[in-house]
Amino acid sequence: MSGNAIHKLPLEQPQQQQFALLPKIINGGIAGIIGVTCVFPLDLVKTRLQNQQIGPNGERMYNSMFDCFRKTYAAEGYFGMYRGSGVNILLITPEKAIKLTANDYFRHKLTTKDGKLPLTSQMVAGGLAGAFQIIVTTPMELLKIQMQDAGRVAAAAKLAGKTVEKVSATQLATQLLREKGIFGLYKGIGATGLRDVTFSVIYFPLFATLNDLGPRRNDGSGEAVFWCSFLAGLAAGSTAALAVNPFDVVKTRLQAIKKADGEKEFKGISDCITKTLKHEGPTAFFKGGLCRMIVIAPLFGIAQTVYYLGVAEGLLGVQKK
């Protein structure tokens, strides 16, 4: 064959793989349920620590993460550690499915024809995934926080000689819908978006970078071995969790509908930041930070591992690529 003939041959362009949406949605749902079930008690402690405000004389209900664990277990028992888990497990399926699938989808769409995905595109994909998930995350977190914080509010009321009526997640959702319509379930959506978009911008590019460093499976999928995905999820999750903890504190406080006696109300993000800084100092924004890292690290380590194991592909008979 002559040199001229070679130049006339069309250049082959690398083809992008088809994006299999359904298996990824199912994997995301399974990953969310398993992850939340494992770490929910830690999440409950995190919520109570973040909502706890220091009294005028420096008094506080919980002195540390372990003190909160001990007092919660002593007062409410084992199942008390899972307050609000029902609504969380119910809604974590679409939430994680949206988050993980949206990130993969946008990464797929933003990948160049030569198979490259710049860091800025990875951050955009993560940010868009975080923005999409708040549709489900906001009402889920709002209802979950009320259930998780109910024991703390009830204990504070008991010390003051009062009682607080127990309300289920269904009753609370019904009440909010009746009084404020669908927007009642989206209290704190701005702070939720601020936290989740920022988290995803940090988490997904970092996870992808760390995950790419590990050895590949020998099944032809090109995916990292499971322990590498797990460790990458742990490291990226804990890093992103600590970075956005101030936003999480603001979100948690804005979404707490019932307060203990003497605790401050907040009108919005800026009001919450201003009052918290004035009365508790900058360290208040890192309340529950260690606990949140301990929650998010295994949650995303487990979720990413389950997501990449390809359970849905096996069930549906779809080849994992």
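Me: How do I read relative accessibility here: does Phe204 count as buried or exposed?
Reply: Buried means under 20% relative accessible area, exposed over 50% and partly exposed in between (1.4 Å probe, protein chains only). Phe204, at 2%, counts as buried. Its sequence neighbour Tyr203 is buried too, with a relative accessible area of 0%. Please keep in mind that this is a predicted model, where local features need pLDDT of at least 70, side-chain atom pairs count only at pLDDT 80 or more, and totals for chains, interfaces and linings use all residues. Residues are numbered from 1 along each chain as its sequence is written, and side-chain values use heavy atoms, with hydrogens and water left out.

Me: What share of the protein chain do buried residues make up?
Reply: Of its 321 residues, 50% are buried. As for the surface, the protein chain has an accessible area of about 16,200 Å² (Shrake-Rupley method, 1.4 Å probe). Carbon and sulfur atoms account for 64% of that area.

Me: How many helices and strands does the protein chain have?
Reply: You will find 12 helices and 0 strands (DSSP runs, H or I of at least four residues for helices, E of at least two for strands). Read from the N terminus, the protein chain is therefore a run of α elements from one end to the other.

Me: What share of the contacts join residues at least 24 apart in sequence?
Reply: Take the contacts (heavy atoms within 4.5 Å) between residues at least 6 apart in sequence: 79% of them join residues at least 24 apart.

Me: How many aromatic pairs does a search of the whole structure find?
Reply: There are 8. Rings of Phe, Tyr and Trp (its six-membered ring) pair if their centres lie within 6.5 Å; planes under 30 degrees apart are stacked, over 60 edge-to-face, the rest tilted. One of the pairs is Phe40 with Tyr82, a stacked case at 5.9 Å centre to centre and 15° between the planes. Phe40 sits in helix H2 (residues 21-51) and Tyr82 in the loop between H3 and helix H4 (85-110), so this pair ties together parts 42 residues apart in sequence.

Me: Which of these two residues is buried, Phe40 or Tyr82?
Reply: Phe40 is buried, with a relative accessible area of 1%, while Tyr82 is partly exposed at 22%. For a contrast in geometry, go back to Tyr203 and Phe204: their ring centres are 5.1 Å apart and their planes meet at 75°, so that pair is edge-to-face.

Me: Which residues form an aromatic cluster with Phe40 and Tyr82?
Reply: Tyr78 and Phe79 join Phe40 and Tyr82 in one aromatic cluster.
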